[in-house]
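New to this one? Here's a quick briefing to read alongside the picture.

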Protein chains: 2
Amino acid sequence: MSEFDLINRYFKSQVSQRADVVLGIGDDCALLQAPVGKLLAMTTDTMVAGVHFPVNTAAKDIGYKLMAVNLSDLAAMGAEPGWALLAITLPAGDENWIQAFMHGFAELAATHGVQLVGGDTTSGPLSMSLQLTGFVKPDLVMRRNQARPGDKIYVSGTLGDAALGLKCVAGKLASSINLPYCVSRLTRPTPRIELGRELARFSRCAIDISDGLVADLGHIADASQCAAKVQLDALPLSEELQQYYGHKIDWSVVAASGDDYELCFTVPPEYEFVLKNIADKTQTRLTCIGEIQAGEGVHCFDQSGAEVILDRGGYNHFS
Amino acid sequence: MSEFDLINRYFKSQVSQRADVVLGIGDDCALLQAPVGKLLAMTTDTMVAGVHFPVNTAAKDIGYKLMAVNLSDLAAMGAEPGWALLAITLPAGDENWIQAFMHGFAELAATHGVQLVGGDTTSGPLSMSLQLTGFVKPDLVMRRNQARPGDKIYVSGTLGDAALGLKCVAGKLASSINLPYCVSRLTRPTPRIELGRELARFSRCAIDISDGLVADLGHIADASQCAAKVQLDALPLSEELQQYYGHKIDWSVVAASGDDYELCFTVPPEYEFVLKNIADKTQTRLTCIGEIQAGEGVHCFDQSGAEVILDRGGYNHFS
């Protein structure tokens, strides 16, 4: 089966059809009609086998996660998803693998109204880059540099599940330990698209947590020229993670490991009251974890008020 | 040096600043202002070390070529280049390599007014995907499916140089043979942006020749449901290629090998007269190589009128 047959068979047919796509897959470029009165929000994220996912990860989960991590970037800006271009490099044209990959990819794309409009298929070591374009009103954009002293810091969902799930998958926990929820959070993160769009009406500042809370909140602190004070015992934890750790939570897993794909955002105190409605409407847990202050850096404190030094690095590819 | 430092140092500073870029590199998404009255033209192309370029290719040439092959897709639609997102995977954060890569990349980007607005840097086997967005008026788009019987088939520039240059670089020619022009055509192809925009006023149908003339003209024939008749001795050849082959031209190199990045386009005979002006204005050689006819497929004929069967495959990653 040739590259073109593969593309025709799996990539053209399996995804949403949007009215603003004038020309989709099949020519030198896709042709798109941009919406009036909105900005385009563009992002790209790459996943490499053995770096971003274990080599034995199921193809359908890889496809799902590639879409999820890119959608998460749109969510952090408050943008509505639109178009995707997929550049995929495969060791061989394995039809079953591509079919499963596209199944996971298309499942999440359809949920969020994303149409695959173009791409490139090449041979080589397994990796893939997705480029997503979304739309956002200029006055409803959330940015990293808009936090102000006095703002409350919130996160969505729970933290650390994916990092614990990765330990489980990688065989770093006792073999009797089974953590299905944490593993599912690793393989199928939930991009907070609806939440991002609701938050954008009240929050000026958000980021998605892909490299760990301390690292990503650090980007907010740096860009906004503020300090972020975090109360570790306020961090939202899943039941499964709490049961695993008991009373000895590993804060470096919860606050300084990657792959959460939750939103971290700030709100002025006078808007905190609206968050309950947003949490209800989007069925998303929202938790205040600290406060923006004058100063610099991210500072984490335990229940006793002592500062806890966590590696801020998150996942750094070249350090 | 961390991933973020690398990005800050080389990717943020070295490229054009466009007025339609509301927010460039440094947040979860770039924010762009789409032009009114034009469609967006989007493309992505990947290059993998050892597949799309020899592993010992100079970093500055890889950067240049990545930009060139993506610009070539915009040229084929008649689009004006705008924004780029770069997803790059590197075995290690080699500062010199990245600096040289970005030098070649930025050089060509600046020529065509392209601004790098975002991307992703990851570790892994060397490969890179570029995503480009351009702009085109809806009534000035060239597409593959718009060729009609009676149209004349043209190509820009000369064909086969890059394929011969690759043989030279790969050590497949006698060691005494030196083909600097052909090698330069391999490493630094010329995207025909200005030509594409001029042609779009008179041609409805174009493609860029990346997989070889026969393969790419075949896409026009298939999409337009026509046949393409090509006169091999009409194909434009560089002096260096002609000197190398003498009277025994290898037509499979000229017409069925990749990496030309010239435009192949069709024009109704009544518009042929404008092509001389366009050739002069864009300083590009334009050569009639055949005709669109009823039927299907690409058919190549030699001087005697006999049909010559060339492998249509071009470069197929999985066959």
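What follows is a short tour of how two chains meet and how one sheet is laid out. Keep in mind that this is a predicted model. In it, 54 residues of chain A are in contact with 54 residues of chain B.

**Where chain A touches chain B**

- Quite a few elements of chain A chip in with at least two residues each on the side that touches chain B, among them helix H1 (3–11), helix H2 (59–77) and strand S4 (80–90).
- Strands S5 (115–123), S6 (127–136) and S8 (205–209) of chain A are also among those supplying at least two residues each.
- The top contributor is S3(A), which gives 9 residues to the side of chain A that touches chain B.
- Sorted by class, that side of chain A has 26 nonpolar, 19 polar and 9 charged residues.

**Strands pairing across the two chains**

- S2(A) pairs with strand S3 (residues 39–48) of chain B, in the antiparallel sense and over 3 bridges.
- If you want a spot to look at, A:Leu32 stands opposite B:Leu40 in S3(B).

**The sheet in chain A**

- Chain A has an open sheet of 7 strands with mixed pairing, and the order is S8-S10-S7-S11-S9-S12-S13.
- At its edges sit S8 and strand S13 (307–308) of chain A, each pairing on one side only.
- Strand S7 (residues 152–156) and strand S11 (residues 286–293) of chain A run antiparallel and are joined by 5 bridges.
- A:Ser156 stands opposite A:Leu286 in S11(A).

**A helix lying across**

- H2(A) lies across S8 and strand S10 (262–267) of chain A.
- It runs at about 165 degrees to S8(A).

Notes. Residues are numbered from 1 along each chain as its sequence is written. Chains are lettered from A and ligands numbered from 1 in the order in which they are written. This is a predicted model: local features need pLDDT of at least 70, side-chain atom pairs count only at pLDDT 80 or more; totals for chains, interfaces and linings use all residues. Two residues are in contact if their C-beta atoms, placed from the backbone, lie within 7 Å. Helices (H or I, at least four residues) and strands (E, at least two) are DSSP runs, numbered from the N terminus. Ala, Val, Leu, Ile, Met, Phe, Trp, Tyr, Cys and Pro count as nonpolar, Asp, Glu, Lys and Arg as charged, and the others, Gly among them, as polar. Two strands pair if DSSP finds at least two bridges between them. Axes are lines fitted to C-alpha atoms, for helices over the stretch in contact, and angles run from 0 to 180 degrees between N-to-C directions.
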